[in-house]
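Student: Before we begin, I would like each label tied to the criterion behind it. Can we go through the structure that way?

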Amino acid sequence: MAAVGGNDVGVVGVTSKAKMPLHIGKGLTDSGSGSMSGVLDAMKNCVENGAKVVNMSLGGGGPSSAVQSFLTDLENDGIDVLFVAAAGNGGSSSYSYPASYDSPLVMSVAAVNSNRVKASFSQYNDQVDIAGPGVNVNSPTTSNGGDTLTYAAFSGTSMASPHVAGVAALIWSHHPNKSAAEIRLALECSAVMPQQYGNVVRNNDVGYGVVNAQNALDMLDSNNFDGCPGTAPTTAPTPFSCSPNEDLLEIRIKTDQYPTETGWTLTNTCSGTVVANTPEGTYNTGNTVYSDAVCVPTGGAYSFLITDSFGDGICCSYGTGFYNVFKNDVSEIDGGEFGQEETKTFGQCTETPAPQTPPTPAPQTPPTPAPQT
């Protein structure tokens with residue numbers, strides 16, 4: 001990922017000249033074994049120490065709800081960090097974790113050889129985002145208690161992952177004000193798809209293609225994301241505003257891998273009227289954040305009903321979906337783990353004061369004039 005070049009020691013890192021601090025978080029034992037809780041502790045340690053790009057040349061097992069919650073919290077809090085992880089070496093379509101967590105903060109990296117052909121051992125599935133060199137990669141090793149430096153060739157997605165992480169760190173060092181979303185988009189949009197896949201934009205073997213540092217840097221230099229598979233968050237959307245005597249309610253939904261199953265209804269329980277709703281079958285893109293906003297009279301109590309036609313909610317069986325309802329930019333309710341449906345309420349009804357009738361003034365009797373003599 002990062003190593004100084006031109007000193008006749010070891011190998012040249014992807015970031016051989018960029019000046020950046022490095023932090024090592026140990027999630028496994030010296031023998032390479034460990035637990036997902038240990039990996040999570042290492043992830044937290046890296047974030048707490050200010051890491052922007054975290055390489056994770058490890059994986060296996062199933063998903064952890066604790067890790068999913070950690071990633072969701074980072075996303076909701078707007079933490080700019082990118083976890084780059086090895087897709088796995090099982091040579092199958094099975095998911096390996098942490099690479100396969102369904103989060104915009106995680107990139108799953110496949111391995112290719114020098115001819116840009118996917119390695120036979122590299123796992124392939126719909127979570128693979130990008131590919132990097134991972135076959136017969138020269139690496140320095142030590143012996144005699146670290147006194148002797150030698151070299152060996154290693155193969156694996158654990159070799160590919162640091163290549164992508166290194167490129168991410170390299171281009172981010174040139175554009176430190178860019179967000180993690182923009183760095184990820186530049187990596188994916190600038191990747192080179194191997195010729196054997198034709199004109200496809202993305203596939204399960206190599207994701208968007210093989211990482212290309214120069215292409216990614218050129219894209220950030222020009223700030224031109226036209227034709228990319230996603231939308232770069234370049235300018236903020238026009239703020240949605242309400243009149244002074246209204247409240248702004250925003251309903252934010254992140255879909256799971258089966259978006260058409262999700263629907264919701266927001267009801268004013270004081271009047272019994274539906275103020276906003278999205279029926280099941282409306283959302284058609286998975287793993288995507290949707291936002292709806294509506295202006296309502298100040299005050300009031302509301303009931304939010306969210307449904308899932310399959311009965312597994314939107315987190316965490318097939319993705320890390322969530323819902324959040326805001327009132328004037330303050331979160332009122334949130335969730336994601338439920339079955340067929342879930343209802344939550346917030347606010348309270350306010351009574352309309354009875355009209356005040358001004359008192360009727362007492363009739364004025366004009367004074368009786370004094371008799372004239």
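Tutor: Start with handedness: a crossing is right-handed if the near helix is turned clockwise from the far one by less than a right angle, and left-handed if anticlockwise. Note also that this is a predicted model.

Student: What is the handedness of the crossing of H3 and H4?

Tutor: H3 and H4 cross in the right-handed sense. Their axes come within 10 Å and cross at roughly 120°.

Student: Why is H3 called oblique to H4?

Tutor: The roughly perpendicular class runs from 65 to 115 degrees, and roughly antiparallel needs over 145. The angle of roughly 120° belongs to neither class, so H3 is oblique to H4.

Student: Which residues make that contact?

Tutor: H3 contributes Val164, Val167, Ala168, Ile171 and Trp172, while H4 contributes Ala180, Ile183, Ala186 and Leu187. By class, the contact of H3 with H4 has nine nonpolar residues, no polar and no charged.

Student: What makes helix H4 largely enclosed by the rest of the structure?

Tutor: The cut-off for buried is under 20% relative accessible area. In H4, residues 180–190, 10 of the 11 residues are buried, so the helix is largely enclosed. The buried residues are Ala180, Glu182, Ile183, Arg184, Leu185, Ala186, Leu187, Glu188, Cys189 and Ser190.

Student: Which elements do the buried residues of H4 pack against?

Tutor: They pack against strands E2 (82–86), E3 (106–112) and E4 (128–133), and against helices H3 (157–174) and H5 (213–222).

Student: Why is H1 called roughly parallel to H2?

Tutor: Helix H1 (residues 36–48) and helix H2 (residues 65–76) pack at an angle of about 20°, their axes being 10 Å apart. Angles under 35 degrees count as roughly parallel, so H1 and H2 receive that label. H1 passes H2 in a left-handed crossing.

Student: What residues form the contact of H1 with H2, and how do they divide by class?

Tutor: Met36, Leu40, Met43, Lys44 and Val47 come from H1, and Ala66, Val67, Phe70, Leu71 and Leu74 from H2. The division is nine nonpolar, no polar and one charged. Lys counts as charged, and Lys44 is among the H1 residues of the contact.

Student: What makes E1 and E4 edge strands?

Tutor: Four strands form an open sheet with parallel pairing, in the order E1-E2-E3-E4. E1 (53–56) and E4 each have a single partner strand, so one side of each is left without a neighbour in the sheet. Neighbouring strands here are turned by 30° against each other on average, with direction ignored.

Student: How do you know that E1 and E2 pair?

Tutor: Two strands pair if there are at least two bridges between them. Four bridges join E1 to E2, which run parallel, and Val53 has Leu82 in E2 as its bridge partner. H3 packs on this sheet, touching E1, E2, E3 and E4, and its direction makes about 160° with that of E2.

Student: Which strands form the antiparallel sheet in the order that includes E7?

Tutor: The order is E10-E7-E12-E13, an open sheet of four strands. E10 (289–297) and E13 (330–335) are its edge strands, each pairing on one side only. Its neighbouring strands are turned by 15° against each other on average, direction ignored.

Student: How many bridges support the pairing of E7 and E10?

Tutor: Strand E7 (residues 246–254) and E10 pair over nine bridges in the antiparallel sense, against a requirement of at least two. In E10, Val294 is the bridge partner of Leu249.

Student: What lies between the strands of the E8 and E9 hairpin?

Tutor: Four residues separate E8 from E9, and Gly272 in the turn has a positive phi of about 75°. Five bridges join E8 (residues 262–268) to E9 (residues 273–278), which run antiparallel. Asn268 stands opposite Thr273 in E9.

Student: Why is Phe154 called partly exposed?

Tutor: Buried needs under 20% and exposed over 50%. Phe154 has 37% relative accessibility, so it counts as partly exposed. Phe154 belongs to strand E6 (residues 148–154).

Note on methods:
Residues are numbered from 1 along each chain as its sequence is written. This is a predicted model: local features need pLDDT of at least 70, side-chain atom pairs count only at pLDDT 80 or more; totals for chains, interfaces and linings use all residues. Side-chain values use heavy atoms; hydrogens and water are left out. Buried means under 20% relative accessible area, exposed over 50%, partly exposed in between (1.4 Å probe, protein chains only). Helices (H or I, at least four residues) and strands (E, at least two) are DSSP runs, numbered from the N terminus. Contact means heavy atoms within 4.5 Å. Axes are lines fitted to C-alpha atoms, for helices over the stretch in contact, and angles run from 0 to 180 degrees between N-to-C directions.
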